[in-house]
Amino acid sequence: MGRTNPTYRDSLRHLEDGWSAYRRALRHRDQAHFDRLWTHAATYADAAGYQNTERALDLVFVSVLLAQERRIAELEAALTDSDP
């Protein structure tokens, strides 16, 4: 039997395309940050693919939050390591 839902990667590409007008309207300094959000979402595509949902944007949000949580933990560890 085939899938009834598109793959997460297909949904992610479709969502990112849907936000292209918003990206173009952003100030240049923010566009790279916006692109990084989609990179974070793609980083966790394997895990997100296991969650069969029609609401792919929820998976994007969780992936971005997870990536940011990891980054915060890395920065906190770096600060702790540099404390005298």
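I count two residues as being in contact when they have heavy atoms within 4.5 Å of each other. With that settled, I opened the model, which is a predicted one.

**Entry: Ala41 and the core**

I looked up Ala41 and left aside its neighbours within four places in sequence. Ala41 is then in contact with Tyr8, Leu12, Val60, Ser63 and Val64.

Next I turned to the largest nonpolar core, which has 13 residues. Which of them touch the most other members? I found Tyr8, Leu12, Leu15, Trp38, Ala41 and Val60. I then checked where this core comes from: H1, H3, helix H4 (45–50) and H5 each supply at least two residues. Its largest share is from H5, with four residues.

**Entry: Ser11**

I found Ser11 in helix H1, which covers residues 8–18. Is Ser11 buried or exposed? Its relative accessible area is 14%, and the cut-off for buried is under 20%, so I wrote it down as buried. Not counting residues up to four places away in sequence, Ser11 touches Pro6 and Ala56.

**Entry: the aromatic rings**

How many aromatic pairs does the structure hold? I noted three. One of them joins Tyr22 and Phe34, a tilted pair at 5.6 Å centre to centre with 50° between the planes. Tyr22 lies in helix H2 (residues 20–25) and Phe34 in helix H3, so this pair ties together parts that are twelve residues apart in sequence.

I compared how accessible the two partners are. Tyr22 is partly exposed, at a relative accessible area of 44%, whereas Phe34 counts as buried, at 11%.

Phe34 also pairs with Trp38, and here I read edge-to-face, with 6.1 Å centre to centre and 75° between the planes. These two are four residues apart in helix H3, so about one helical turn separates them. I added that Trp38 is buried, at 7% relative accessible area.

Stepping back, I saw that Trp19, Tyr22, Phe34 and Trp38 form one aromatic cluster.

**Entry: the largest pocket**

My last stop was the largest pocket, which holds about 160 Å³ of space. Which residues line it? I listed Trp19, Phe34, Leu37, Trp38, Leu57, Val60, Phe61, Val64 and Leu65. I met some of these names in my earlier entries: Trp19, Phe34 and Trp38 belong to the aromatic cluster, and Val60 and Val64 are in contact with Ala41.

I sorted the lining by type and got nine nonpolar residues, no polar ones and no charged ones. Helix H3 (28–43) and helix H5 (56–82) each supply at least two residues of the lining. H5 gives the most, with five residues.

Methods
Residues numbered from 1 in each chain as written. Predicted model: local features only at pLDDT ≥ 70, side-chain atom pairs only at ≥ 80, totals over all residues. Heavy atoms only, no water. 1 Å grid on protein atoms, 1.4 Å probe; cavity = no way out; pocket = protein on both sides within 12 Å on 5 of 7 lines; lining within 4 Å. Points joined across faces, edges and corners; volume = space filled by probe spheres on them. Nonpolar A, V, L, I, M, F, W, Y, C, P; charged D, E, K, R; others polar. Buried < 20%, exposed > 50% of the residue type's maximum accessible area, 1.4 Å probe, protein only. Core = buried A, V, L, I, M, F, W, Y, C linked by side-chain atoms within 4.5 Å. Phe/Tyr/Trp six-rings, centres within 6.5 Å; stacked < 30°, edge-to-face > 60°.
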